[in-house]
Amino acid sequence: MLYPMKFKKFFVEKVWGGREFETKLGMTLPEGKKIGESWEVSAHPHGMGIVENGALAGQRLDDIYKEYKGELTGKKVYEKYPNKFPLLIKYLDVNDRLSIQVHPSDEVALKKHNEFGKSESWYIMEASDDATLILGIKPGITKEKFLEKVEKNDFDGLFEEKTVKKGDFIDITPGTVHASLKGSVLFAEVQQNSDVTYRIYDFDRIDENGKKRELHLQDSADVIDFGKEVKIKNTEFDASENGKDILRKHIIEKEYYSIDKVKFTDSFEDVNNESMTIYSILEGEGKIVWGENEELPVKKGETVLIPVRINTKTIGNFEILRTII
């Protein structure tokens, strides 16, 4: 019954969003709105994934998870996360300054919000020449110094700034302060299934109600990993592999997920017998085939959830992020 699934995109309007999903990824956006996020694979109540293709079309991902359990995600994955689908997959279009923020750990988030913590990873798909992110706190800044400054609305000298470019990968663990400062970025995001964010500063912007958005200064200070250095990882393929039909680079393996980047010019056969697999399509257009000649068209800017133990063959000229647990 289970098969590779695409979900209806859940668009989130943001003050820092834009229209790049339309121009760069071919998505059809609601008119006149700044869209900052497209939730692609989600079982979160703030943006529930609805199956778009096949026999389960119209069904919610959380209901599918309750019904199929380990048949969807893998037995060990389900045993680890029996009550909640573990991942949330997005694309983000950051055209203005993303608010300075930090996410709590599982321990804090479960206790205070009955949510998972929020560990996330960004793969930069597009970046303007001046794209600059805030990633971490400057060395020597203590919790006491941080609170002393931010309570006076003084944010000078607190944050590390780093430039980014297409192909960069950033792992943002709980406690890591992050934001965008200059330019624009479009990225694919893999994260825990959580929507808990503590906002430190929003550049004094006014929302649609004429008010500044709420800040969470004490909550932020309590969870910030002071002294954490954020490293930007290069995801270029090994030059020695040039000429191969299939290029594969292992980017990260952590408690919550593992991510590879795969590039191929003809086809890519894949199966995982322990975990579901999620493809975020970075480049290309073609189709995924499985079973008795069943197939699903896929293209750049789409995302596919492939249940555990399903043998697939993706045909076309593609570059993808491949996420498993």
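Two strands pair if DSSP finds at least two bridges between them. Keep that in mind as you work through these exercises on a predicted model.

**Exercise 1. Find the partners of β7**

Work out which residues are the bridge partners of Tyr123 in β10 and in β12.

Solution.
- Step 1: Start with β10, residues 168-172. β7 pairs with this strand in the antiparallel sense, over four bridges.
- Step 2: Pick out Tyr123. Its bridge partner in β10 is Phe169.
- Step 3: Now turn to β12, residues 185-192. Seven bridges join this strand to β7, and the two run antiparallel.
- Step 4: Look up Tyr123 again. In β12 its bridge partner is Ala188.
- Step 5: Check how covered β7 is. Six of its eight residues are buried, so the strand is mostly covered.

**Exercise 2. Walk across a sheet**

Give the strand order of the open five-stranded sheet, and say which strands stand at its edges.

Solution.
- Step 1: Write down the order: β15-β16-β23-β18-β21, with antiparallel pairing.
- Step 2: Look at the ends. β15 (246-253) and β21 (303-306) each have a single partner strand, so one side of each has no neighbour in the sheet.
- Step 3: Consider the twist. On average, neighbouring strands here are turned by 20 degrees against each other, ignoring direction.
- Step 4: Zoom in on one edge. β18, residues 277-283, is joined to β21 by four bridges, and the two run antiparallel. Ile278 has Leu305 as its bridge partner in β21.
- Step 5: Recall what holds such strands together: strands of a sheet pair through backbone hydrogen bonds.

**Exercise 3. Compare salt bridges**

The structure holds 29 salt bridges. For three of them, say where the partners sit, and whether residues are buried or partly exposed.

Solution.
- Step 1: Take Glu37 and Lys90, whose closest N and O atoms are 3.3 Å apart. Glu37 is in β2 (residues 35-41) and Lys90 in β5 (residues 87-94), so this pair ties together parts 53 residues apart in sequence. Both Glu37 and Lys90 are buried.
- Step 2: Next comes Lys112 with Asp219, with closest N and O atoms 2.6 Å apart. This pair links helix α5 (residues 106-113), which holds Lys112, to helix α7 (residues 217-223), which holds Asp219; they are 107 residues apart.
- Step 3: Use the cut-offs: buried is under 20% relative accessible area and exposed is over 50%, with partly exposed in between. Lys112 has 45% relative accessibility, so it counts as partly exposed. Asp219, at 24%, is partly exposed too.
- Step 4: Finish with Lys300 and Glu283, where the closest N and O atoms are 3.5 Å apart. Lys300 sits in the loop between β20 (294-299) and β21, Glu283 sits in β18, and 17 residues separate them. Glu283 has a relative accessible area of 27%, so it is partly exposed.
- Step 5: Don't stop at pairs. Asp96, Arg97, Asp202, Arg205 and Arg213 are linked in a network of salt bridges.

**Exercise 4. Describe the largest pocket**

Say what lines the largest pocket, and which strand gives the largest share of the lining.

Solution.
- Step 1: Note the volume, about 380 Å³.
- Step 2: Go to the lining, which has 24 residues; Lys14, Glu37, Lys118, Asp195 and Thr197 lie nearest the centre of the pocket.
- Step 3: Sort the lining by type: seven nonpolar, seven polar and ten charged.
- Step 4: Sort it by strand. β1 (10-18), β2, β5 and β7 (120-127) each supply at least two residues. The largest share, four residues, comes from β1.

Definitions and conventions: Residues are numbered from 1 along each chain as its sequence is written. This is a predicted model: local features need pLDDT of at least 70, side-chain atom pairs count only at pLDDT 80 or more; totals for chains, interfaces and linings use all residues. Side-chain values use heavy atoms; hydrogens and water are left out. Axes are lines fitted to C-alpha atoms, for helices over the stretch in contact, and angles run from 0 to 180 degrees between N-to-C directions. A salt bridge is a side-chain nitrogen of Lys or Arg within 4 Å of a carboxyl oxygen of Asp or Glu. Buried means under 20% relative accessible area, exposed over 50%, partly exposed in between (1.4 Å probe, protein chains only). On a 1 Å grid over the protein atoms alone, a cavity is a set of points where a 1.4 Å probe fits but cannot get out, and a pocket is an open set with protein on both sides within 12 Å along at least five of seven lines; lining residues have an atom within 4 Å of a point. Grid points are joined across faces, edges and corners, and a volume is the space filled by probe spheres set on the points. Ala, Val, Leu, Ile, Met, Phe, Trp, Tyr, Cys and Pro count as nonpolar, Asp, Glu, Lys and Arg as charged, and the others, Gly among them, as polar.
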